[in-house]
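Work through these exercises with the model open beside you. Try each task before reading its solution.

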Amino acid sequence: MHQKSLVELAADLRSGVCSSEELTRACLQRIAGHDQRLNSFVTVTESQALAAAQAADAAIKAGNAGPLTGIPFAHKDIFCTDGVKTSCGSRMLDNFIAPYDATVTEKMHEAGAVMIGKTNMDEFAMGSSNETSFYGPVKNPWDETTVPGGSSGGSAAAVAARLVPASTGTDTGGSIRQPAALCGITGLKPTYGRVSRYGMIAFASSLDQAGPFTRSAEDAAVMLGAMAGFDPRDSTSVDRPVDDYTAQLNAPLQGLRIGLPGEYFGDGLDAGVGDAVSAAIDEFRKLGATVTDITLPNTHLSVPTYYVVAPAECSSNLSRFDGVRFGHRAGNPRDLTDLYTRSRGEGFGDEVKRRILVGTYALSAGYYDAYYLKAQQARHLIRDDFMQAFKQVDVIMGPTAPSVAFKLGEKADDPVSMYLSDIYTIAVNLAGLPAMSIPAGFSNGMPVGLHMVGNYFEESRLLNAGHRYQQVSDWHTRTPQGFE
Amino acid sequence: MSLDASDVVKIAHLARLGINVDDIPGYARNLSDILSFVEQLNSVDTTGVEPLAHPLEATQRLRPDVVTEGNNREHFQQVAPETESGLYLVPQVIE
């Protein structure tokens, strides 16, 4: 059962081949049997999942089943879940039982999907390896001595190891696409504002966006259809109808214009990754696409811009964790300052502290223009590069990450080197564009991701390109050894 | 840009963020590395470029000023570390 795609499972549920309760129990069993090795879950919500599965079975019997009714999924522990611990991978929220549901949680529930648990992640989504989690690192199912990527490492590893057919993630600088690439699965970051941020614990509000992890583009289309939509409770949510993301999946790729930015194939790209990506692009040629070289001349500014904008917004967002209203509170405070300082000092881990410090500095009196304003200007240049490119091409392609999964601990002491693992994904968040990573082969036995970037609200086009490629390739069906 | 230990202490105070004395040199080194790295931004001329705050250049949406939520104080205070009579408790601020 665990080898079937979400779409196949949905068909089985409707035709009575299996019940949601059986499917949910099968996933719970997979987690019990395999997750001790991976550490991809922070919380497994067995009793709630079984109750939701029984409700889904009743809905299916009554003929009220949608495409996600009865499908088990794992939810990144950044989304608030009413009555269930929502830790955000931090000691700060280790005791936090969310008092309300995030909009995405609510929408998945309304779609009849069965939440099976909350997945491990880098602390407050700050990291590219899942090593900054208070709950310990997640292991990559393809090689347990390597990282799964981050920050949504648990969600990616759980799908790659066939523990669940789908999961949710969030992507501020690559946190869906980079772990999808490193774990050999499909991950989609929608256009900024497409999926509601309400109840999704904020890291960098002008960059954060939620999206799905699945094995295939077809499954991702179904997940995105449920997650997306206007939400008046998110002030940057975009009021625009949601496409039927499955409608265009099979459209022919004849005449699709693909752009390859020279900047994404230069120094720093691992040769094996480059070869796999080039081979994948050749497949798109065979499918009828045309390929053009393009340039994104301000690419080199994207990581430095991000490491001003993201920490600045993080230092502001994380000021709400003060030991007063929720979360960790230090014992026996001397005075109010001591309460704030020690609650935050004890509750936050190293990388979160580093980013709060960088952001506080960048926003402090006398430095605002030199850092934050300058970065917002550079951000405009980076966005303009993409707008220029989309005059010539429909989809921009390249590698998702410069290398395959690196070893646990390899970059843990060198923040700048860790930041550079998101070099191809970060510009997309700064511009607010939709992008997807799909499996495109292997290098040294480890998965490689192909990165596809579209124009605003062109998720359907990316899903179409991904789906057609997955009709002629089988990388997305490969399962890591030991998890077959 | 290079930060020393006293800069780190000052920034940590601004952020009301407790850090261990032993960790200060490490933070000073990491922060200096990060700031030197972001200084690449100075290589580009941004004269006259509008800062981009929202990727879609959307402005904040407003809604009518009417009550839309009920009073959920008790429910939300269940996750608070210390409360009394509907109030959040903090150490004494005024003598």
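The exercises below cover helices, strands, one residue and a chain contact.

This is a predicted model: local features need pLDDT of at least 70, side-chain atom pairs count only at pLDDT 80 or more, and totals for chains, interfaces and linings use all residues. Residues are numbered from 1 along each chain as its sequence is written, while chains are lettered from A and ligands numbered from 1 in the order in which they are written.

**Exercise 1. Two helices in chain A**

Task: Find the angle at which the axes of α9(A) and α11(A) cross, and list the residues that meet.

Solution:
- Step 1. Locate helix α9 (residues 302-317) and helix α11 (residues 350-363) of chain A. Helices (H or I, at least four residues) and strands (E, at least two) are DSSP runs, numbered from the N terminus.
- Step 2. Take the axes. They come within 7 Å and cross at roughly 95 degrees. Axes are lines fitted to C-alpha atoms, for helices over the stretch in contact, and angles run from 0 to 180 degrees between N-to-C directions.
- Step 3. Name the arrangement. The crossing makes α9(A) roughly perpendicular to α11(A). Angles under 35 degrees count as roughly parallel, over 145 as roughly antiparallel, 65 to 115 as roughly perpendicular and the rest as oblique.
- Step 4. List the contact. From α9(A) come V308(A), P311(A), A312(A), C314(A) and S315(A). They meet R355(A), I356(A), V358(A), G359(A), T360(A), A362(A) and L363(A) in α11(A). Two residues are in contact if their C-beta atoms, placed from the backbone, lie within 7 Å.
- Step 5. Sort these residues: eight are nonpolar, three polar and one charged. Ala, Val, Leu, Ile, Met, Phe, Trp, Tyr, Cys and Pro count as nonpolar, Asp, Glu, Lys and Arg as charged, and the others, Gly among them, as polar.

**Exercise 2. A helix pair in chain B**

Task: Describe how α1(B) and α2(B) pack.

Solution:
- Step 1. Helix α1 (residues 5-14) and helix α2 (residues 24-38) of chain B pack at about 90 degrees, with axes 9 Å apart.
- Step 2. The two are therefore roughly perpendicular to each other.
- Step 3. A5(B), V8(B) and V9(B) in α1(B) meet I24(B), P25(B), Y27(B), A28(B) and L31(B) in α2(B).
- Step 4. The contact has eight nonpolar, no polar and no charged residues.

**Exercise 3. Helix α15(A) and L462(A)**

Task: Check the span of α15(A), then find what surrounds this helix and L462(A).

Solution:
- Step 1. At 1.5 Å a residue, the 14 residues of α15(A) (459-472) should span 20 Å. The expected span is 1.5 Å times one less than the number of residues. The end C-alpha atoms are 21 Å apart, which agrees.
- Step 2. 12 of the 14 residues are buried, so the helix is largely enclosed by the rest of the structure. A residue is buried if 20 or more other C-beta atoms lie within 10 Å of its own, exposed if 12 or fewer, and partly exposed in between; C-beta atoms are placed from the backbone.
- Step 3. The cover includes β5 (186-189), α7 (217-227), α8 (271-286), β9 (395-399), β10 (435-443) and β11 (446-454) of chain A.
- Step 4. Pick L462(A), which lies in α15 of chain A. L462(A) is buried, with 27 other C-beta atoms within 10 Å.
- Step 5. Leaving aside neighbours within four places in sequence, L462(A) contacts V395(A), P434(A), M436(A), M452(A) and G454(A).

**Exercise 4. Strands around β11(A)**

Task: Trace the strand pairing in chain A.

Solution:
- Step 1. β9(A) and β11(A) run antiparallel, joined by five bridges. Two strands pair if DSSP finds at least two bridges between them. M397(A) stands opposite M452(A) in β11(A).
- Step 2. β10(A) and β11(A) pair antiparallel over seven bridges. A435(A) has V453(A) as bridge partner in β11(A).
- Step 3. Three bridges join β5(A) to β10(A), also antiparallel. K189(A) stands opposite A435(A).
- Step 4. Nine of the nine residues of β11(A) are buried.

**Exercise 5. Chain A against chain B**

Task: Which helix of chain A gives the most to the side that touches chain B?

Solution:
- Step 1. 56 residues of chain A are in contact with 41 residues of chain B.
- Step 2. α12(A) gives the most, with 10 residues.
- Step 3. The chain A side divides into 28 nonpolar, 17 polar and 11 charged residues.
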